[in-house]
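Here are a few warm-up exercises to work through with the model open in your viewer. Try each task before you read its solution.

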Amino acid sequence: MTAWPLAGLGAMLVLAPLLPGVAAKTRATLTGRRGAPVWQLYRDLRRLWRKGAVYSTTTTWIFRLAPVAGVATPMLAVLLVPLDGQAALLRFAGDFVAFAALLALGRFTLVLAALDTGSSFEGMGASRDAGFASLVEPALFLGFVVLALGTGQSSLSGMLGGETGSSLSWGAGAPSLAMVAVSLFFVLLAEASRVPVDDPATHLELTMIHEVAVLDHSGPDLALLLYGGALRMGLFAALPVVVLVSRAGLTAPLALGAVLVGTVAVAVAVGVIEASMARLRLSRVPQFLVAASVLASLGVILQLLA
Amino acid sequence: MTHLADLLLLLVLLTGFLILGTTRLTTCIRGVAVQGGLLGLLPLALEPLSQWSAHTLGLAAGTILVKAIALPWFLTWAIREAAVRREVEPRVGYVASMALGIIAVAVASAVATRLPVPGDHPILLVATSLSCVIMGLLVLATRAKALIQVVGYLMLENGIYVFGLTSVDRVPFLVEVGVLLDIFVGVFIMGIVVFHINREFDSLDSARLTELRD
C-alpha cells in the first residue's frame, strides 16, 4: 500500500530531467535534425554541479534563496499528487490549494530573484512570467473544481485517487474529464515554458520569458533551477495523465506504470507541438491561456448539467 | 449512442469558441464548416443504428452537403472574389469574446435545465442549441466585417437546427429542408450584398453602411 506512492515519488524525482530531453529530441527528429540525446539534461546538471557559482555584488540573499525554493516547492507538490492512482503520500482536505500555492511560491521567489539582480531584461521576463502565471491559475483551479464536483472530495488524493467510489467515471464523465485533461495540458505548456507560450530554445532576451529570469544564475544554482523546472514540467505533464488514469479503475502498480508511460507520451506531444507551430506573439498568449480557462469552465458546466 | 451525441455537441461548442477566439477569417470559415459537419453527424448519433431511416440518412447527408461543403466553399469563394484576407477586426476583443461565450454557455445551460422540451433528449442538446444561438448573435454584434457576420448568422442557424433536432421525429422532413433552404437563400443574398459592398465602396466594414446616402 505504501510502497507504490514511494515508488511513484522516486520515479518522478529521478526521471523528471528526462522529459525536457524527450520533448527536445522529438522536436529535433520531426524537424529533420539529430538533436541532443534524451539524457542531455543529466549531463548538464552534472557539469553545472561541479562548477562554482558567481554572484553579482548587487544581489542579496533573495537571489540565493530562489534556486533552493525552485527545487523544494515542486518536490513538496509532488508529494500531494497520487501518482499511483490510489493515494498520495501527503493528503489533507483542500490540499489542491496547497499544491497551487507551493508552485506559486516557487515562481514568486524566482521573480524576486530576477528583480534582485537589477537587470532590466530579467525584470521584463519576471513581469511576463508573473503575468502569465496569474492567467494560468484560473484554468488550474477550474480543473480542480470539475474534479471536486465530480467526486465530492476536496483533497487531490480524493479527487484523483481510486479509493472513493465516485460518480465521475469514464462514460458519463468522459466529456468533462477530457476538457480538464486538455485544459491541464495547456497549463503544462505555460507552466513549463514550452512553445506556444515561451520557447525554451530561444536566445533573444527580448522575447524570452522563463529563460531570461534565470540568466544571472550559474553553476549549482542554475543546476537546481533546471532540475526544479524539469520537476515542474514532470508534475504538470503527469497531472492530465493522472486525471485520465485514475478514473480507469486500475490497481496501483498498473496505474503507476500507465502514469509514467503517459507522462513520457505527454512530453512527446509537447515536442510535436514545438516542431509543428511557432511561438505565439506575446499579445496573443493571454488569449491562449484564457482558452484553457474556457475549456475548464466548460467542464464545470458539463459537470453541473450531469 | 448518447455518449457519442454528447461528444459531438461538445465539439460543436468548441468550434463556436474557435470562431470567437480566432484572428483569421479563413479559420472562422473552417470552424463553421467543421461545425456543419458535426451537426450533420448529430441526427445519426442521436438514434441507435437499428432505427436509422431514410429520413435520418437524408437529413444527415443534406446537412453535411449544405453546411459543411457548399456554404463554406461559397464563403471562401466570396473571400477570394472580394479579395479580403485580413484579420477579423472585432469590436469586442478576442479574450472578452471568449469570456462572453462561456457566460453564454452557462446561461444557456441554466435555461436548458428549466425549459420543458417535449420528448426525451440529452440536456446538452438544448443547452448547445441555445449557446449556439447566443454565440452567433455575439459574432453578429461584435464583428465589423460583413463576411464574419455571415458566419455569425450561420452559427445562429446552426443553433436553431440543433433545437429542431429535438422534434425531428414529430415534425416532417420538409421543415428541416425549409431550414436548410432558409440558410442557403440567406447566405446567398448576403454573399451578393457582400460582393456589391466591396465593389461599390471597396470595404466590407459594415460600419460604413451608415454613410449610405442617395
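**Exercise 1.** Find how α8 and α10 of chain A are oriented relative to each other, and which residues make the contact.

*Solution.* Keep in mind that this is a predicted model.

Step 1: pick out helix α8 (residues 174-191) and helix α10 (residues 219-246) of chain A; they pack at an angle of about 175°, with their axes 9 Å apart.

Step 2: angles over 145 degrees count as roughly antiparallel, so α8(A) is roughly antiparallel to α10(A).

Step 3: list who touches whom. From α8(A) come A:Leu177, A:Val180, A:Ala181, A:Leu184, A:Phe185, A:Val187, A:Leu188 and A:Glu191. The α10(A) side brings A:Arg232, A:Phe236, A:Ala237, A:Leu239, A:Pro240, A:Val243 and A:Leu244.

Step 4: sort them by character, and you get 13 nonpolar, no polar and two charged residues.

**Exercise 2.** Describe the fold of chain A, then check its radius of gyration against a compact globule.

*Solution.* Step 1: count the elements; chain A has twelve helices and zero strands. Reading along the sequence just gives α-α-α-α-α-α-α-α-α-α-α-α.

Step 2: get the dimensions. The C-alpha trace of chain A spans about 55 × 40 × 40 Å along its principal axes.

Step 3: compare with the globule rule. For 306 residues a compact globule would come out near 19 Å, and chain A has 19 Å, so the two agree.

Step 4: look at burial and contact range. In chain A, 52% of the 306 residues count as buried. Taking contacts in chain A between residues at least 6 apart in sequence, 79% join residues at least 24 apart.

**Exercise 3.** Work out which residues have the most contacts inside the largest nonpolar core, and which helix gives that core its largest share.

*Solution.* Step 1: the largest nonpolar core has 150 residues, and those with the most contacts inside it are A:Val81, A:Val187, A:Val242 and B:Val151.

Step 2: the largest share of this core, 18 residues, comes from α10(A).

Step 3: zoom in on A:Val81. Leaving out residues up to four places away in sequence, A:Val81 touches A:Ala88, A:Leu156, A:Leu235, A:Ala238, A:Leu239 and A:Val242.

**Exercise 4.** Characterise the side of chain A that touches chain B.

*Solution.* Step 1: count both sides; the contact takes twelve residues from chain A and 19 residues from chain B.

Step 2: assign the chain A side to helices. Both α8 and α12 (285-305) supply at least two residues each, and α12(A) gives the largest share, nine residues.

Step 3: classify the chain A side, which splits into nine nonpolar, three polar and no charged residues.

Definitions and conventions: Residues numbered from 1 in each chain as written. Chains lettered and ligands numbered in written order. Predicted model: local features only at pLDDT ≥ 70, side-chain atom pairs only at ≥ 80, totals over all residues. Axes fitted to C-alpha atoms, helices over the stretch in contact; angles between N-to-C directions. Helix = DSSP H or I, 4+ residues; strand = E, 2+ residues; numbered from the N terminus. Parallel < 35°, antiparallel > 145°, perpendicular 65-115°, else oblique. Contact = placed C-beta atoms within 7 Å. Nonpolar A, V, L, I, M, F, W, Y, C, P; charged D, E, K, R; others polar. Rg over C-alpha atoms; globule rule 2.2 N^0.38 Å. Buried ≥ 20, exposed ≤ 12 C-beta atoms within 10 Å, placed from the backbone. Core = buried A, V, L, I, M, F, W, Y, C linked by C-beta atoms within 7 Å.
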